[in-house]
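Q: Hi, I've just opened this one and could use a hand finding my way around. Can we start with a residue in a loop and work outwards?

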Amino acid sequence: MMNPSTHANAGAGQRISLSLVNRGQNLEVLTNSNGVAGFDIDPLDYVLSSQINSCCGDFPSSQGTQYLISPQQDGSVKVFSAADEVMTQDTAGNWIISFILKRTVIGDDPWQLMNNKPKSDGSPEHLYLMTNGKVLVQTRGAQNFEQWWLLTPDSKGSYLSGTWSRAAQPPANYNPQNVNAAVLHNGNFIIVGGEQNVNAAGVMEENSNQSYLYDVVKDTWTFVTPPNNGEGDWTGIGAAPFVELADGRIMVGWNGGRNIAGLYAMLFDPTTSTWTATGTNKRTSNGEQGYTLLSNDKVLNIWNGDDSPDLVGYAEIFDPKSGLWTPASRIGYDLGHSEIGPALTLPNGKVLAMGATGRNALYDPILNSWTSVPDFPKLKNGLHPVAADNPAAVLPNGNVLVQTSVFTCSTKGCYWMGPALWYEYDMISNVWISLPDDQAVSAASHLANGTNMLVLPNGQVMVSTNGVLELYTSKGSPNSSWLPKIETVSSSAITPNKSYLISGKQLSGLTQGTFWGDEQQNCTNYGLVQITNNASKHVFYARSVDFSNTSIAPDAPSTLSFTFNDDVEDGPSSLRVIASGVASEPFDVTISGGYSKDAVDKVTPIVNSPSKTTPTVTAPTVTKTKSATAKSIAAYAKLVVLSTSKLSLKVVSGYTKFCKVSGTTLKGLKAGNCKVLVTVTPKKGKPIPRTVTLRVIN
């Protein structure tokens with residue numbers, strides 16, 4: 001093993017392991033003082049992995065490049081690098097391995113590391129976008145126990161410098177991994193099953209059938225009864241194929257044996273919290289497959305390669321109206337090899353299906369036909385990157401961001417190999433564009449499995465990978481015909497804490513946003529309502545609910561309701577509906593009853609005697625401070641406070657979780673809104689009360 005920083009051997013104690021591609025044998029040794037490790041192997045293909053702890057560079061203590069070790073019939077051994085480096089041997093005939101420490105970027109770098117992370121002892125994994133613009137993030141820590149966090153964008157709409165706050169936890173027995181979820185039409189959130197689940201004792205369980213509803217306003221989780229009461233076929237759900245239909249029902253496929261045809265699915269109706277069976281005539285299995293919502297509100301499923309050989313290129317269409325599957329036209333070649341890649345509806349209505357074989361295809365639901373898409377480019381050494389069990393996201397410009405890796409297979413199993421390789425699919429040119437390595441990990445040390453993507457309202461893609469969060473920013477802009485179209489708003493005069501109705505077309509966009517397949521679904525085809533104050537350019541999100549549908553059909557008519565909190569700024573503003581990172585044209589509105597930016601600029605600071613630990617800030621925004629005096633709050637409210645006046649503070653009901661009163665001072669301020677009643681009582685005269693809302697950012 002070579003230290004690529006010094007080009008000398010890495011020395012003793014570096015861990016190297018071999019794993020059979022068929023997953024039947026694992027070998028592990030440490031290097032000797034010369035940095036050499038030796039193995040006695042069977043005449044089968046192995047994947048070699050390493051951990052180099054002595055190197056520094058950009059990414060110390062990372063997993064090294066993975067190599068395919070392929071014994072030949074003549075007794076020799078060939079070694080192929082998944083990083084496509086040229087393989088060499090030393091004078092003793094030992095193969096030299098290393099891993100890349102430096103990123104190489106030519107031109108603009110589309111990646112940004114999110115150094116602003118939740119104060120969790122765990123690593124960010126699953127990412128979900130709530131209808132109030134916040135991102136719900138699941139982190140995993142010691143013993144695989146979870147924490148849940150909310151990321152609120154800053155006043156400019158940036159998630160890079162947003163604010164983290166803890167969200168409620170599901171019950172201790174539910175810590176799912178590889179799990180599907182969806183935002184419901186009522187604005188709440190459901191998480192279903194899990195390929196693995198860690199119980200309260202820290203024991204890993206397979207194929208959980210637990211499901212929970214998260215109430216975004218109440219910050220509470222409620223148990224959902226499993227399909228068939230968790231009996232029979234539904235003792236486990238696992239990471240079943242999953243999709244939210246345009247009418248708001250959740251469809252979950254029975255994840256039984258991979259070779260069992262005629263499988264069916266269950267539909268969850270959020271309005272009644274009941275499950276019903278559907279799709280009993282499906283020909284292929286559900287295992288390791290995905291459900292793709294089409295622009296005609298039907299669902300596409302592509303064969304994963306695990307059934308009969310006569311099903312090469314087989315695909316099926318589910319019709320929610322009839323509850324039946326029918327064959328789609330065949331692809332003509334395999335996309336599946338025990339796994340399948342993501343299949344995403346593009347803004348033009350066609351489906352980009354990416355394969356675990358390295359091959360890809362494009363489905364036209366109108367013509368019911370497939371056309372070819374170029375294969376992922378092979379490495380110079382002949383290894384083939386694929387999209388096997390990988391994430392993908394549709395970008396605002398219509399291109400698709402996808403992470404791939406080498407996926408080598410034997411007769412009994414397959415194995416992912418690092419490094420991960422990133423591409424954009426150019427929808428117009430039908431070509432793959434190679435992208436720079438992401439910033440989260442070394443280019444040669446990360447598998448393209450376990451990464452999650454989420455399309456944000458600002459058009460960026462948030463990526464969680466190897467316990468790190470990062471942002472991808474694409475070039476270009478959406479075609480004007482792809483934008484959500486606002487036709488009417490029930491009032492152009494908007495007041496906080498009051499519900500308003502938007503009607504229009506394409507309010508859910510033209511794509512699901514992201515796609516994984518049989519696990520980690522987190523689609524964003526629902527309308528978020530954003531306000532930008534014309535004067536300050538500050539950005540605020542309402543909570544949108546009551547979607548009449550979440551169809552991705554072109555010009556699909558729909559309605560939604562929205563409500564702003566009282567932290568929204570007063571004055572002329574621009575309202576937009578955003579779906580999967582694509583924003584509508586602005587609709588002019590005027591906000592009143594929130595807080596006034598003009599008043600903020602003229603009042604005295606809320607902290608009058610700043611120190612190094614308590615910076616000077618101005619009401620109503622309180623940043624990095626834990627207290628605020630009644631006198632300064634009264635000044636913001638333009639109340640005259642004389643030396644003979646008496647002051648009192650009272651937190652308005654419902655806001656006690658964010659602020660508490662101690663005498664005439666607010667203490668223990670937490671991130672959120674703090675509404676208080678400040679009262680000034682002159683020595684002679686009646687009390688003068690004012691209600692003031694502070695926006696607290698810690």
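Q: Great, so where does Ile-331 lie?
A: Ile-331 is in the loop that runs between strand E27 (324-327) and strand E28 (343-345). Keep in mind that this is a predicted model.

Q: Is Ile-331 buried or exposed?
A: Ile-331 has a relative accessible area of 9%, and because buried means under 20%, Ile-331 counts as buried.

Q: And what does Ile-331 touch, leaving out residues up to four places away in sequence?
A: On that count, Ile-331 touches Ile-302, Gly-313, Ala-361 and Trp-370. Take Ala-361: 30 residues separate Ala-361 from Ile-331 along the chain, yet their C-alpha atoms are 7.3 Å apart.

Q: Let's zoom out. Which residues have the most contacts inside the largest nonpolar core?
A: Those are Phe-189, Ile-191, Met-462, Ile-502, Phe-562 and Leu-666, in a core of 75 residues.

Q: Which other core is there, and what does it include?
A: A second core, separate from that one, has 44 residues, including Ile-302, Ala-343, Leu-346 and Leu-379. You met Ile-302 a moment ago as one of the residues touched by Ile-331.

Q: Back to Phe-189, what does it touch?
A: Leaving out residues up to four places away in sequence, Phe-189 touches Tyr-128, Met-130, Leu-136, Tyr-212, Leu-213, Tyr-214 and Trp-221, together with Ala-181, Ala-182 and Val-183.

Q: New topic: how many cavities of 30 Å³ or more are there?
A: The structure has 6 of them, and the largest holds about 90 Å³ of space.

Q: What lines the largest cavity?
A: The lining includes Ala-181, Ala-182 and Val-183, which are also among the residues Phe-189 touches. Phe-242, Val-243 and Glu-244 line this cavity too, as do Gln-512, Gln-521, Asn-522, Cys-523 and Asn-525.

Q: Which strands each supply at least two of those lining residues?
A: Strand E14 (180-183) and strand E20 (242-244) do.

Q: How do the lining residues divide by type?
A: The lining of the largest cavity has 6 nonpolar, 4 polar and 1 charged.

Q: Last bit, the whole chain. How many helices and strands?
A: The protein chain has 2 helices and 57 strands. It has 698 residues, and 56% of them count as buried.

Q: What about the accessible surface?
A: That comes to about 27,900 Å² for the protein chain, with 50% of it belonging to carbon and sulfur atoms.

Q: And of the contacts between residues at least 6 apart in sequence, what share joins residues at least 24 apart?
A: In the protein chain, that share is 57%.

Key. Residues numbered from 1 in each chain as written. Predicted model: local features only at pLDDT ≥ 70, side-chain atom pairs only at ≥ 80, totals over all residues. Heavy atoms only, no water. Core = buried A, V, L, I, M, F, W, Y, C linked by side-chain atoms within 4.5 Å. Buried < 20%, exposed > 50% of the residue type's maximum accessible area, 1.4 Å probe, protein only. Contact = heavy atoms within 4.5 Å. Helix = DSSP H or I, 4+ residues; strand = E, 2+ residues; numbered from the N terminus. Areas by Shrake-Rupley, 256 points an atom, 1.4 Å probe, with all protein chains shown as cover. 1 Å grid on protein atoms, 1.4 Å probe; cavity = no way out; pocket = protein on both sides within 12 Å on 5 of 7 lines; lining within 4 Å. Points joined across faces, edges and corners; volume = space filled by probe spheres on them. Nonpolar A, V, L, I, M, F, W, Y, C, P; charged D, E, K, R; others polar.
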